[in-house]
Amino acid sequence: MMTKLLKQLILTITFLGVVAELNAQVYRTAEEEIQRDIHCSASNHYAYPGPQQVRLTEAPEGMKPFYISHYGRHGSRFCTSKEQYYTPYAVLAKADSLGKLTDLGKDVLQRVAILKEEADLRWGELTPLGARQHQQIAKRMFERFPEVFEGSPCIDAKSTPVIRCILSMENALSQLVTMNPRLRIRHDASAADVYYMKYDDKALKAHRMDSVVKAAYQVYVDKYNHHEELMTKLFNDQQYVRDSIDVSNLSILLFNLASNIQNTESRKKITLYDLFSDEAIYETWKVNNMLWYIKYGAYTLNGGKQPYGQRFLLRKMIQEADSCIMLEKPGASLRFGHDTNILPLACLMELDNYGVETDNLGALERKDWVNFKVIPMAGNIQIIFYRKNVQDKDVFVKVLLNENEVSLPVKSDEKPYYKWSDVRDYYLKKLDAYQD
């Protein structure tokens, strides 16, 4: 018969195992993640999943959070252009008028019509889900780091002058001020800040896709081509397809619509993922992931410098942090922008494996370079600053990527906490060494 002590021991071990499982960030390959949740395949259209890490690592003894520096992407939105809805609708409608659609094709035409109507004149705008995402992120930020928001600190918020970003900012701020009405809120959305909030480096961009890079990328585009499979599902006349349809463009547009539905209210009644096999969904994501790496990662075949497009943003964050940590109650600096900034920023900061340099696009997943882990809708980077008291000059930081702790490229005996002086010096040396 089991003794009482043994029963208690078993219960304790079981409890500790459950806690460990809850707190662990379970590692899965990108393919496994997509098999578990098909919506991950949407890359930058992936609706914010919320933090995987239930409990954050306790700070070094005596240290408390006192300042947050943040850069976040806008929340869930509609597709950004009229053409993304109207073009596939027009192609399918014309084919239907000529009797060229299968029964599935006719059904897809009706689904696209519903999506087009829902998004009409709202292209690129924030959806209700996008508003909730930023309210929830702000709520968790307040609850995880209450010391930052105690009393009446200043919350300095800036957005790019784009309506989905402005509304994301306002939803976050409204949540914070609801939780503490004494907060002193400053918020702005001006072209004056675009030079670092959404810098467009034309010189770097010119080197992204030269003929060598295009050839390397095209190998994978050709290898993972599922367009014919889709066309046979939609059209009953493949000669008509060959003569009249831009197959690649239609496939891309339909996959983008399938990906973006999760961000809208239509997600409750419509899917387009049924048009694509599991293999096609995974391999389409794989090609998209490669393209994001080429454009924003340290891809050595185009020089490995694309992340430096965010050098002004990172330098600004460092400068503002240096100023704020001199204050007794600095509060938070919140910035609201875009996926095309947050991904290269994560690469420039070398968060986890996102600073990886390679010329092998096929190796990205093995190196855990996975776009949907960085740039879902409402994706965000939070730098949390800690100290023992206002006189304490030995400031520590930790960084959260989408509210999960990540590693930094500097040494520390207190990971995921790092001395700010070490982090600051590493990044400034890196930025100073860059040659335009």
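**Local features of the predicted model**

Lys82 has a relative accessible area of 37% and is therefore partly exposed, since this value falls between the limits of 20% for buried and 50% for exposed residues. The model described here is predicted. Lys82 is located in the loop between strand 1 (64-73) and helix 3. The charged end of Lys82 is placed over the ring of Tyr86, at 4.9 Å from the ring centre. Along the chain, Lys82 and Leu126 are 44 residues apart, and their C-alpha atoms are separated by 15 Å.

A second lysine is placed over a ring elsewhere in the model: Lys316 lies over the face of Tyr196, 5.3 Å from the centre of that ring.

Aromatic pairs number 21 in the structure. In one of them, formed by Tyr86 and Trp123, the ring centres are 6.5 Å apart and the planes meet at 75 degrees; the pair is edge-to-face because this angle is over 60 degrees. Tyr86 belongs to helix 3 (residues 83-97), whereas Trp123 is in the loop between helix 4 (103-119) and helix 5 (128-144), so the pair ties together parts that are 37 residues apart in sequence. Both residues of this pair are partly exposed, Tyr86 at 28% relative accessibility and Trp123 at 25%. Phe235 and Tyr240 form a tilted aromatic pair, with 6.4 Å from centre to centre and 45 degrees between the planes. Phe235 and Tyr240 are both buried. In addition, ring pairs link Tyr46, Tyr282, Trp285 and Phe372 into a cluster.

Strand 2 (residues 154-159) pairs with strand 3 (residues 184-189) in the parallel sense, over 6 bridges. Cys154 has Arg184 in strand 3 as its bridge partner. Between these strands the chain passes through helix 7, and the resulting β-α-β crossover is right-handed.

Helix 7 (residues 163-179) includes Asn171. Asn171 has a relative accessibility of 16% and counts as buried, because the value is under 20%. The side chain of Asn171 reaches the backbone oxygen of Leu167 at 2.8 Å. When neighbours within four places in sequence are left aside, Asn171 is in contact with Leu126, Ala131, His134 and Gln135.

Backbone geometry was also examined. Most residues other than glycine have a negative phi, and most peptide bonds are trans. Leu121 has a positive phi, near 65 degrees. This residue, Leu121, is placed in the loop between helix 4 and helix 5, and its relative accessible area of 63% makes Leu121 exposed. Glu403 also has a positive phi, near 75 degrees. Glu403 is found in the loop between strand 8 (396-401) and strand 9, and at 1% relative accessibility Glu403 counts as buried. The peptide bond that joins Lys415 and Pro416 is cis, with omega about 10 degrees. Pro416 is in the loop between strand 9 (404-406) and strand 10 (418-419).

Conventions:
Residues numbered from 1 in each chain as written. Predicted model: local features only at pLDDT ≥ 70, side-chain atom pairs only at ≥ 80, totals over all residues. Heavy atoms only, no water. Helix = DSSP H or I, 4+ residues; strand = E, 2+ residues; numbered from the N terminus. Buried < 20%, exposed > 50% of the residue type's maximum accessible area, 1.4 Å probe, protein only. Polar contact = N/O pair within 3.5 Å; in protein donor to acceptor, adjacent residues only side chain to side chain. Contact = heavy atoms within 4.5 Å. Pairing = 2+ DSSP bridges. Right-handed = clockwise from strand over helix to strand, strands pointing away. Phe/Tyr/Trp six-rings, centres within 6.5 Å; stacked < 30°, edge-to-face > 60°. Lys NZ or Arg CZ within 6 Å of the ring centre and 35° of its normal.
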